[in-house]
Every structure is written in structure tokens, then in C-alpha cells.
Amino acid sequence: MGATDAPDGRGRHRELGLTDHEYDLIVDGLGREPGDVELAMLSLMWSEHCAYKHSKKLLRRLPVEGPNVLVGPGENAGAVDVGDNLAIAFKVESHNHPSAVEPFQGAATGVGGILRDIFAVGARPIAVLDSLRFGEPADSPRSRYLLEHAVAGIGHYGNSIGVPTVGGEIYFEPSYEQNCLINAMAVGMAPHERLTSSAAAGVGNLVLLFGALTGRDGIGGASVLASAELTDADDAKRPTVQIGDPFAEKKLMECSLELLDRNLLASLQDLGAAGLTSSASEMASKGGVGLEIDVTKVPLREADMEPFEIMISESQERMLCVVEPHLVDRVLGVCEKWEVLAAVIGEVTDTGLFRVLRDGELVGELPVGLLVDDCPLYDLDPEPPTAALYVGGEQHVATDADPLTTLKALLASANISSRRPVFEQYDPVVQSRTVRRPEQADAAVLALPVLCARSGALDEPIPAIAVSIDGNGRRVAVDPRAGAAEVVYECAANLACTGAEPLGVTNCLNFGNPEKPHVAWQLSEAIDGLAQACRDLGVPVVGGNVSLYNESPDGPILPTPVIGMVGKLPDARAAGRLGFANPGDRIALVGEFHPARDGSEIAKLHGSAPAGALPVKSVAAIRAAHERVREGVRNRDFTSAHDIAEGGILVAIAECCIAGGVGAIINLPDGLDPFGEDLGTAFIVSGPSESLEGLPIIGVVGSRELVVTGRFNVAVSELSALHGQGLSALLSYAR
Amino acid sequence: MKFGVIRFPGTCDDVDAQLAAARVGEAALLWHRDRDLQGVDVVIVPGGFSYGDYLRAGAIARFAPVMESVIEFAHEGGLVLGICNGFQILCECGLLPGALLVNDHLKFVFRQVRLDVVDHNTPFTRNCPPSLSIPVKHTTGRYYSPEPVQVVLRYAPGENPNGSQDDIAGVVNNAGNVFGLMPHPEHAVDALTGSTDGLTIFESLRTAVGERVPVA
């Protein structure tokens, strides 16, 4: 009997977000109609958020293997080897829809969720980065509200839990007005042997839930919020947003890491979207076993919760682990030490079934495979758009303005001005590893060994990692394939400026509704571009996340793949800086730079829509330029290194002057567009002339003015003030 | 000499303080439920968010068993250093005068600030240069005291990050053995991470302990 014969059942599954076809598959798989608990569980596990049903086939195009990969996609976070028996685990994840509904808690729990992913694999979180998108701050009180509260939420969580927020990026575009993007990335460190799998193992072992009480918060978040377009009636969805408690997570983190240090766990998994249902079924699926859970054993915040509510609650700050029976008392002892609530709620079985009991009585029984693996995967119908998807905005600077006026407008613009009003709300130094914090270099640099009085004694190197996060929706909108590739090059360029070589990538793909052919085309093209660029640079993708349906009645967001990248530096003492420092240093241009204006910030300030074409790039030239910069920084030949990114070459040079508090005299190469962009290809470096041999010299560091020969002179202090106050001026809250 | 760094649930800068102290002496972590201070010469109440800073920053930590011993230790003349959340806790339990209020701009602030050392005649600042570059990071750092207090550190003119009364960044008690400050000296002990100025506070303590006549 199929769904079509069961008019009562039809309404139920549709309300939960399942299609009639999917419901028929469930009935076929089970051989019967699912019960209430079962349908609630299936509707979440078969949601876009959990099953990736519209993106999984495309994601198979990404390269996931490489010599440094320790854990690839599929676990809570991927991990790469950084030498000295150390692994770096990292992942980026979106919390867009919850943040659009309630930005403080949405952003806070986004950070909390990604941190749990990191310590679930056994790594101690050592850094957080975030990538944010909002509507235009000058025009939109809503965007200012979302920014203010999302930033406060990120700070509230990261600062309180003692993990430094070391980097990030923010862009403002009208298409994000209704759908802000909140992507959080976390990075953790572990000795190789402590990397932990979530695969449940050992029939007869016990399943133990520890952390916060289970309440009614977030029920249905994954299917209701994360897997459909937002509409005006979204205030009604506010109860589906979870509430974060960083203090509870701090205790949970220390407790989890101590349990792993003491070797007391067979496996560990965090509870995220779809709560117990998703965590437990994924553990069972990976381990090829069954599980039995009794909901009456789950510690509840509200006594009268129904079994289905307990199974799908998205209450935060909870972990699930599998423990051998003889170790349970010791596990409970560690939990007691950290004042973390813990309860044995079930056991591992050999049935391959996920059985849910209430006080011993069966209330749901599903094959693990049906829950985790049998959700249908859809092919998309990609079609390039026939009409422009995005329009231009207000004109902020005249197309015939003189270069100095244009430079000033760019430096003060929402997308290029200093992020200081934001990053001053985050602690970047806790844990005592931060060698480069925001505005000191193009990527954050974190020392790997604990720094002490003996560090670097006898000239021993201090190994370090560099981390960066990047995205550029405007340029991906111009050309999804080339734009997505450019994001990868740009992120790698950031690492090169600190002297780091990329080891791995995590990505978060933020797109509109994939059931619409033009969004499907953007997604498919962007994934091809990412895959190509990762292959070009030899960097594997070790994990990530997809956020679809970022669409409002006004249309889809700009296609926004966000890339997080981790690289390694042999010696933190040689980590690069972005600011000019030494008067008399020469300034050189590294790389093949072919700037153009389509999709650029200057085009935006001119009121143009993101359209046209991006510059064609030579992969060999990109690799050579990155290599040259990396080596120059590592050998301490360069005093500074900065990649030429949004705004073009003059903005990049001005940023080097502002960061160093020193001027420069520049002779721009003939015919070079001072405001065109070609991201990820070229760099501005400074150093003594003998260190820059073979590079085209375009200027010299010195004085308190930026002088562009034949064009203008301007005091660096004036540029610094414009750049420093640009964002504050656009945000009513800033001081 | 030996430092003891207290760890409450929610403390974040405990390991940082331990690493900084270990540059000048021995340093151990002290658990909040233990009353035994393990014979340390200096107690550090570190930064972070003890008990989540719920209710009010430092308000719950003051009731921890270990704090009974710390109060006793301080009353006997033992050296106590409270950093950020530790400063808040020392004010809450009455070892230091005044209180820390929410920043005048109502937001968390991280900033590398310049401090003027206005009293070098303390066990905490005797080796310090006249001016220090040390980061602050807090939401509740605006010092207020209705009565006159012994000021040790002030934010340099124009650098006050939170609206503190008279630019006060750190104070000692009347006996001079309990010191609280909002800036984080433990995050300024290595040139690689930004500054070494904070180390002079730990070095001052080493000197002070070295010169002390042991209590018979």
C-alpha cells in the first residue's frame, strides 16, 4: 500500500517536508506505514540538511585524497597531518537560516556546533574563523541588526569557551538582505592516536548521552528551517532556533577530551541537526551495527516530552558515546568531575535496526540503512540563466572620478574598510599560540608547540599552521566556475603571504534553491571550479557543508562557496606580515596580474551588476607566484607580503601602508588598471633590493605619504582614518 | 618558587597563566573543589568565564571551596594575583575594594593597550618598566570604587577601553599583597605573540618571593 492510498498519512509527511515519492519509498522499504516516531526520525534524516540529497552527487567531483589526509569527508571533521605526530582537524559549517531568524543565538550555536564537531574527533579546538554575509548596511536597519547580533553571538560563544577567534571575512550585498550567511570554521589539534571515530563498535557496549538536558528546543530545525526558503512568516519559526550555553560546552569539551585522554571511549559523536536520531543512526551506520535507545533514560528538561520530541530535539551541548560496560563507572566519574550530566540510554546490538523504546516498550523500529543511506539522491537540471539574476545598486562614486577619490571611496566602502569594529569583539589570543592576529597578516598563524622560555632556543624552528577563510559571491555570480576557482587561489594566496603551504580545504557551499535550474547550474559550475582549483594546487577537500535554499521572494543569494584552508609553516618566527615596515625597502609585484573590472568592488561602487567575465588565469603562473612569495617569506627575504585582492593594486598598496603606518612612492606599470581585480594571482611584497632580485620593482617604502607618481599624493594617516572608520560610519552601533 | 593557578569550571586562561608563570618558576593548577593550596608562594586567580559568568562575573566563583583557602592565604599575607575574571572574583569576595561593571560601550573588547605603571613599590610591579603594552579582553572591566583605592596601573591617556573610573586598570589592597588587574599579563610574555611586557609582572613576583623572610 503506497502513500496515495493513505490520505491521512499524506498530510503528515508533507508537513514534515517529505515528498509523496519519498514517502512511498519509505513505505516500500519498511513494508508498512511508518509510525509517528519513525516518521519524525525519517523526515529529518531524509531532509536536505542531513541527507544532502540535492548535492551529494555533485560533491563526488571534489578531490578528497592526498598524502597528508588523515581523515577525509564523512567524519565529524576532516584532518590532515602536520608532522611531529600532530593532526589538524578542521571544518566549516553554515548556520544561515537560524541566524536569519534569531541572529545572536543562531550565530552562537553555529560556533558551538562546529566546535563539537572538532572535539568529537578527539581534537582540542585551537581556533575559530567565520565568514559572514549581510545586506547593505547603509540602507538596511535589518542588516545592521543582524550583523550586530550575529557578531555578539559569535563572540559570546567563542570568547566564553576559551577558543580564539583568529580570522574571518564579511561582505555586504543586497542579495543577502533576507538570507544572511553565518559560516563558522573551527580548527583543532590532536596527536594522531587520539583521532577518534564516530563508528559505534562492540555489540553489547553501552550508549551514553552526556551534557545538557534534552528539551523542546530546535525541534524540526533541520527540516523546517534549513531545508526550505525563508518567507515573511518566519517569526513563527523562532522556537526552532536553539539556545547556546558556552559554559555547558566548555565543561563538555574538557570532559570529552579527558575521556579520550584516559582511553575510556569506543567512539564519540556530537549531537547536532536532528539530535539523537542523526547522531545515533550515523554511529550505527558507520559501525555496521544496530542500536537500541530507551527515551525514558534520557535526562529531560521538560518532563512530559513525547518520544518523537526526545529523538529529534536539537538541544545544544550534548555528546553521545559508546562505552564498554566495565568502563562505565570510570566514564561517569570523569563526567562528575566536570559537573557534566551523563546517562546510559541504550546499547549496541547486532540487529542492524535502530530501535526506540519507551520504558521498555517498542515505539519505533527502523533499519539503520533506511535512515542513513536510502534517502533518494536527486540529479539536478542545471540550465544557465537566460536573463540577469542580479541587478546593480546605487552609484557611490563617479566613473570619471580621479584616482585618489576612487581610492578613498574604496577604502571606506563597506566591503573593504577595516573589520576592526567586528574583530575587537573577539578574543584572538587565548591558548597562547596566536603569532599573527587579524590585521597583522593575510592569514592567522598559530604556533603548534606550546610556547615557553626555551622556544626557539638553539635556533630550533617553531612549526606553525596558517588558516584563512574566503569567499566572493559577486565574482562567483559573474562566472560560477572561474569565480569558485578564484576563491581557492585567493585563499591559498593568503596562506602564501605568511609563508604557509596549503594542506587541506574545507568548504561551505551557500546557494539558492537547487530545484531551480539556474541555481543548479551555479552549484554545478562552482563545484567544478572548486574541484579544478584544488587539483591545480594539489590541495584535497577533507570536509564541508552545503547550505541550500538561501532564497527569498526577491531571488537567490549570490552563489557563495566559502573556502577554509589550513597550511603549514616550518617556522613561526619567519611568519609573514602584511604591513610595510622599513623605509628604503623596495616594493615589488609578484605574479601575472591581469586586472579587469567585471565583478570588482569598483564596478559595484559604480552601480554595476555582477556580470561579464573574469580574467583568464595561468595555473602555472599562479603556482609559481605562490611559491615565490612563500619562499621569500620563509627565507625572511621579504619584510612584508600581501595579496592583491578586492579593490585592486592601489587598495592593496594602501593596506600595506596603513598596516605599517608608513608611506611609499609607487610607479604603477604603464597601462595597468589601478582598480581592476584578478584575485589570487599577484602580490605586493617589500624588502631590501638585494632580496627582490628578478622581481619587477614598482616602488619604495618611506615617508608618511602614499605617492603614486603622476597621479596623487596623500597622507597615510588620512587613508588610515577612512579605512579604519569606514565600517563604523556605516553601522549605527559603532563608537 | 611556586605559583598556583586556580581552575574553576569555565576558566579559560588558566593554562596561559600557568605557562607564563612557568617562565619564572614552578607552576601548578589548583582545582576549585580542593582546599589544599599545595604550599604555593603565589596564587593566581586567572581569567576566563568561571561558572559562565552567569548571575554576575565572579559572583559564583567566590563560593568555591578553594576560595576559602585563598582568602585565608591572603589574610596571612600571601601574594594573590587576580587577572580579569580573577580580578572580578577578588572584588566579589572582598579581598580587593571596588567592583567591575559592564564596559561603557556594553560590548566585549579585545585590544592591545598601553598601561602606565603608577606604583612600582609593590611585589607585583617592582621590576616593571614605566609603561607596558598588554592586551585587554573583557565585557565587564569598568572599574568603579566609591572610596579612594591604591592604584597600581592606569590605562595610558586616551587608551581606556571600557570607561574605567580615573583610567584605573589595576589596584592593590591596603596591605599590598593582593593585586587585581583587567589586562592580561600572561598574554604578553613572548615576542612571538606580540609583547614581553607582561612577563615583568611575573618577574617582579619572583624577586619579591626571593627576598621574603620565610614565616617561622
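1. In what order do the six strands β14, β15, β16, β17, β18 and β21 of chain A sit in their open sheet, and with what kind of pairing? Reading across, the order is β14-β15-β16-β21-β17-β18 (chain A), and the pairing is mixed. At the edges you'll find β14 and β18 (541-547) of chain A, each of which pairs on one side only. Between neighbouring strands the average turn is 20 degrees, direction ignored. Bear in mind throughout that this is a predicted model.

2. On confidence, here is what I can give you. The model scores ipTM 0.96 and pTM 0.95. For chain B, the average pLDDT is 96, and 98% of the residues score at least 70. The usual caution still holds: where pLDDT is low, the predicted coordinates should not be read in detail.

3. Back to the sheet from point 1, at its β18 end. Strand β17 (residues 501-510) of chain A runs parallel to β18(A), and six bridges join the two. If you want a register check, look at T506(A), which stands opposite G543(A) in β18(A).

4. Two helices lie across this sheet. Helix α18 (residues 480-498) of chain A covers β14, β15 (444-447), β16 (464-470), β17 and β21 (560-569) of chain A, and α18 runs at about 30 degrees to β21(A). Helix α19 (residues 517-537) of chain A lies across β17, β18 and β21 of chain A. Its angle to β17(A) is about 175 degrees.

5. Chain A also has an open sheet of six strands in the order β1-β2-β3-β6-β4-β5, again with mixed pairing. Why do β1 (69-71) and β5 (165-172) of chain A count as edges? Each has a single partner strand, so one side of each is left without a neighbour in the sheet. From one strand to the next, the twist averages 20 degrees.

6. Within that sheet, strand β4 (residues 124-134) of chain A and β5(A) run parallel and are joined by seven bridges. For the register here, take F134(A): its bridge partner in β5(A) is F172(A).

7. Helix α7 (residues 103-120) of chain A lies across β3 (86-94), β4 and β6 (181-191) of chain A. Relative to β6(A), α7 runs at about 25 degrees.

8. The same α7(A) packs against α8(A) at an angle of about 35 degrees, and the axes are 7 Å apart. The crossing is right-handed. On the α7(A) side the contact includes P103(A), F104(A), V111(A) and L115(A); among the α8(A) residues are L146(A), H149(A), Y157(A) and I161(A). Glycines take part too, including G106(A) and G112(A) of α7(A) and G153(A) and G158(A) of α8(A). What about the classes? The contact residues divide into 12 nonpolar, seven polar and no charged.

9. Now the interface between the chains. How many residues of chain A are in contact with chain B? The count is 29 residues of chain A against 25 residues of chain B. On the chain A side, the elements that give two or more residues are α8 (141-161), α10 (246-261) and β14 (434-436). The largest share, four residues, comes from α10(A). By class, this side has 14 nonpolar, eight polar and seven charged residues. Two of these elements have come up already: α8(A) packs with α7(A), and β14(A) is an edge strand of the sheet in point 1.

10. In chain B, strand β6 (residues 109-117) is worth a look. Eight bridges join β6(B) to strand β7 (residues 131-138) of chain B, and the two run antiparallel. There, Q112(B) stands opposite P135(B) in β7(B). β6(B) also pairs in the antiparallel sense with strand β9 (residues 150-155) of chain B, over three bridges. In that pairing L115(B) stands opposite Y155(B) in β9(B).

11. Last, the domains. Chain A is divided into domain 1 (3-50) and domain 2 (196-373). Their contact takes 18 residues from domain 1 of chain A and 22 residues from domain 2 of chain A. Which elements give two or more residues to the domain 1 side? They are α2 (20-30), α3 (36-45) and α4 (48-51) of chain A. The largest share of that side, nine residues, comes from α3(A). By class, the domain 1 side has nine nonpolar, six polar and three charged residues.

Notes. Residues numbered from 1 in each chain as written. Chains lettered and ligands numbered in written order. Predicted model: local features only at pLDDT ≥ 70, side-chain atom pairs only at ≥ 80, totals over all residues. Pairing = 2+ DSSP bridges. Axes fitted to C-alpha atoms, helices over the stretch in contact; angles between N-to-C directions. Contact = placed C-beta atoms within 7 Å. pLDDT = per-residue confidence, 0-100. Nonpolar A, V, L, I, M, F, W, Y, C, P; charged D, E, K, R; others polar. Left-handed = near helix turned anticlockwise from the far one by under 90°. Domains from an automatic or database assignment.
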